[in-house]
Amino acid sequence: MKNLIYLIWLFSATTCFSQPGNRSSFDPKVTEIWDLKPAKITPGKNSGDAPSDAIVLFNGKDLSKWTTPSNGEAKWEVKDGAMTVTRGTGDIKTKQTFGDIQLHIEWRSPSEIIGEGQGRGNSGIFLQERYELQVLDSYESVTYSNGQAGSIYKQSIPLVNACLKPGEWQSYDVIYTAPRFSDNGRVIVPAYVTVLQNGVLVQNHTQIQGSTEYKGLPVYQPHGKGSIQLQDHGNPVSYRNIWVREL
Ligand code: MG
């Protein structure tokens, strides 16, 4: 809203004062903003550390911020500062729900290479429980391009393959804006996502087409805030250092 007010104000000011030839008489103070101040926060000490206004979702010790899709007890193994998909226990999701977010999350596919394609180190990060940012061992493993690590699953191919070797920790930094729906359930503004994998841009303001579907085309169903959900795809993928900022 602040930005909108500023844009309206700036448009009015520039319309009044910036006609060709008039700039010499333009008071520079007219385009200075003093009243609105961004909140002061403290950035993380090292790259990937949570800033002071982040919500830490996993601190390496317990799953207290997590539950299951049916609101049961999250049962993934927590060990050595990481949590690991424990086969058969199912997906887990945050107890808290979110709209627009900045998300930092680190993941590691198993060092022991088992399977191939979609069967090798597969997990995933479902934004608002619906839109999957793929987690997969795509270092030297072939699958369909819109299903490899860094893809928006079956929708958007990553710009590059920025994967590290299996067994190495990797990071995703995600900027996500949730879709907006009208009262009658139509999409007014679709969801958008920007993703950096290991500091490299792999999704650049990508428009999400709808909920992730294994079969058939994506489709939007109206929804409110949603959890961040991590996928149990049967492979022991690990996660650590997960934090989020609400935007
Ligand atoms: Mg997956």
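This is a walk through a predicted model, from its domains to a magnesium site and the loops around the strands that contribute to it.

Let us begin with the overall layout. The domain assignment divides the chain into domain 1, covering 1-37, and domain 2, covering 42-246. Taken over C-alpha atoms, the centres of domain 1 and domain 2 are separated by 40 Å. The residues discussed from here on carry numbers that fall in domain 2.

Now turn to the metal. Which residues coordinate the magnesium ion? The donors are Asn122 through OD1, Ser123 through its O atom, Glu132 through OE, Gln134 through OE1 and Gln231 through OE1, at 2.2 to 2.4 Å. Read along the sequence, these donor residues follow the spacing N-S-x8-E-x1-Q-x96-Q. Serine 123 and glutamine 231 link distant parts of the chain, as they are 108 residues apart. Serine 123 sits in strand β7, while glutamine 231 belongs to the loop between β14 (229-230) and β15 (238-246). Are these two residues buried or exposed? Both serine 123 and glutamine 231 are buried.

Follow β7 onward and you come to the loop that joins β7 (123-127) to β8 (131-135), where glutamine 128 is found. Its backbone deserves a look: glutamine 128 has a positive phi of about 55°, although it is not a glycine. Glutamate 129 lies in the loop between β7 and β8 as well, and this residue, also not a glycine, has a positive phi of about 70°. How do the two fare in terms of accessibility? Glutamine 128 has a relative accessible area of 3%, so it counts as buried. Glutamate 129, with a relative accessible area of 29%, is partly exposed, because that value lies between the cut-offs of 20% and 50%.

A last stop brings us back to one of the magnesium donors, glutamate 132. Where is threonine 212 placed? Threonine 212 is in the loop between β13 (200-207) and β14, and its side chain reaches the backbone nitrogen of glutamate 132 at 2.8 Å. Threonine 212 has a relative accessibility of 15% and therefore counts as buried, the limit being under 20%. What surrounds this threonine, if its neighbours within four places in sequence are left aside? Threonine 212 is in contact with Phe126, Arg130, Tyr131 and Glu132, and also with Tyr153 and Gln155. In this way glutamate 132 appears twice in our tour, as a donor to the magnesium ion and as a partner of threonine 212.

Methods. Residues numbered from 1 in each chain as written. Predicted model: local features only at pLDDT ≥ 70, side-chain atom pairs only at ≥ 80, totals over all residues. Heavy atoms only, no water. Domains from an automatic or database assignment. Helix = DSSP H or I, 4+ residues; strand = E, 2+ residues; numbered from the N terminus. Buried < 20%, exposed > 50% of the residue type's maximum accessible area, 1.4 Å probe, protein only. Donors = N, O, S within 2.8 Å, 3.2 Å for Na, K, Ca; no water. Polar contact = N/O pair within 3.5 Å; in protein donor to acceptor, adjacent residues only side chain to side chain. Contact = heavy atoms within 4.5 Å.
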